[in-house]
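Dear colleague,

I am passing on to you the structure shown below. Please look through it first; an account of what was found in it follows.

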Amino acid sequence: YGNFLLQEKNPVLLEYLQRENSNYKSIIEKLSMGSSEKQKIRKKEMEQLLLINQEALEYYKEGESNGM
């Protein structure tokens, strides 16, 4: 997502990450209902994006727990 924006804990990036997190979860839920091979592949891709997103959100939480 960009080291500078993460290091600065940019509030616009935080909003974007939260929105994307919700979107990824919604898409994964919908893809879980399907059984085609394409849906399974896309679901795995979305799960990987969700993990990256969650790592970025954790970076923001680290600052909160440290009093930042």
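Please note that this is a predicted model.

I begin with helix α2. On one side of this helix, P11, V12, E15, E29 and K30 are exposed. Across from them, L13, L17, E20, N21, Y24, I28 and L31 are buried. These buried residues line one face of α2, because they fall within an arc of 115 degrees when the helix is seen down its axis. A general point helps in reading this pattern: an α-helix has 3.6 residues a turn, so residues three or four places apart point the same way.

As for its dimensions, α2 covers residues 11-32, which makes 22 residues. The span from its first C-alpha to its last is 32 Å, close to the 32 Å expected at 1.5 Å a residue. There is also a contact at the start of α2, where a side-chain oxygen of N10 comes to within 2.8 Å of the backbone nitrogen of V12.

Two of the buried residues of α2, L13 and L17, belong to the largest nonpolar core, whose six residues also include L6, A56, L57 and Y60. Both α2 and α3 (37-65) give two or more residues to this core. The largest share, three residues, is that of α3. In general, nonpolar side chains tend to be buried together in soluble globular proteins.

The loop between α1 and α2 holds K9. This residue has a positive phi of about 50 degrees, although it is not a glycine. For context, most residues other than glycine have a negative phi. With a relative accessibility of 23%, K9 counts as partly exposed. K9 also lies over the face of Y60, at 5.8 Å from the ring centre. Y60 is thus a residue to view twice, as it is also one of the six residues in the largest nonpolar core. As regards contacts between rings, a search of the whole structure finds zero aromatic pairs.

Finally, I turn to helix α1, which covers residues 3-7 and includes L5. L5 is partly exposed, with a relative accessible area of 32%. How far apart are L5 and E62 in sequence and in space? They are separated by 57 residues in sequence and by 15 Å in space, C-alpha to C-alpha.

With kind regards

Key:
Residues are numbered from 1 along each chain as its sequence is written. This is a predicted model: local features need pLDDT of at least 70, side-chain atom pairs count only at pLDDT 80 or more; totals for chains, interfaces and linings use all residues. Side-chain values use heavy atoms; hydrogens and water are left out. Rings of Phe, Tyr and Trp (its six-membered ring) pair if their centres lie within 6.5 Å; planes under 30 degrees apart count as stacked, over 60 as edge-to-face and the rest as tilted. A charge sits over a ring if NZ of Lys or CZ of Arg is within 6 Å of the ring centre and within 35 degrees of the ring normal. Helices (H or I, at least four residues) and strands (E, at least two) are DSSP runs, numbered from the N terminus. The expected span of a helix is 1.5 Å times one less than its number of residues. Buried means under 20% relative accessible area, exposed over 50%, partly exposed in between (1.4 Å probe, protein chains only). The arc is that of the directions from the helix axis to the C-beta atoms. A polar contact is a pair of N or O atoms within 3.5 Å; within protein, one must be able to donate a hydrogen and the other to accept it, and residues adjacent in sequence count only if both atoms are side-chain atoms. A nonpolar core is a set of buried Ala, Val, Leu, Ile, Met, Phe, Trp, Tyr and Cys residues joined through side-chain atoms within 4.5 Å.
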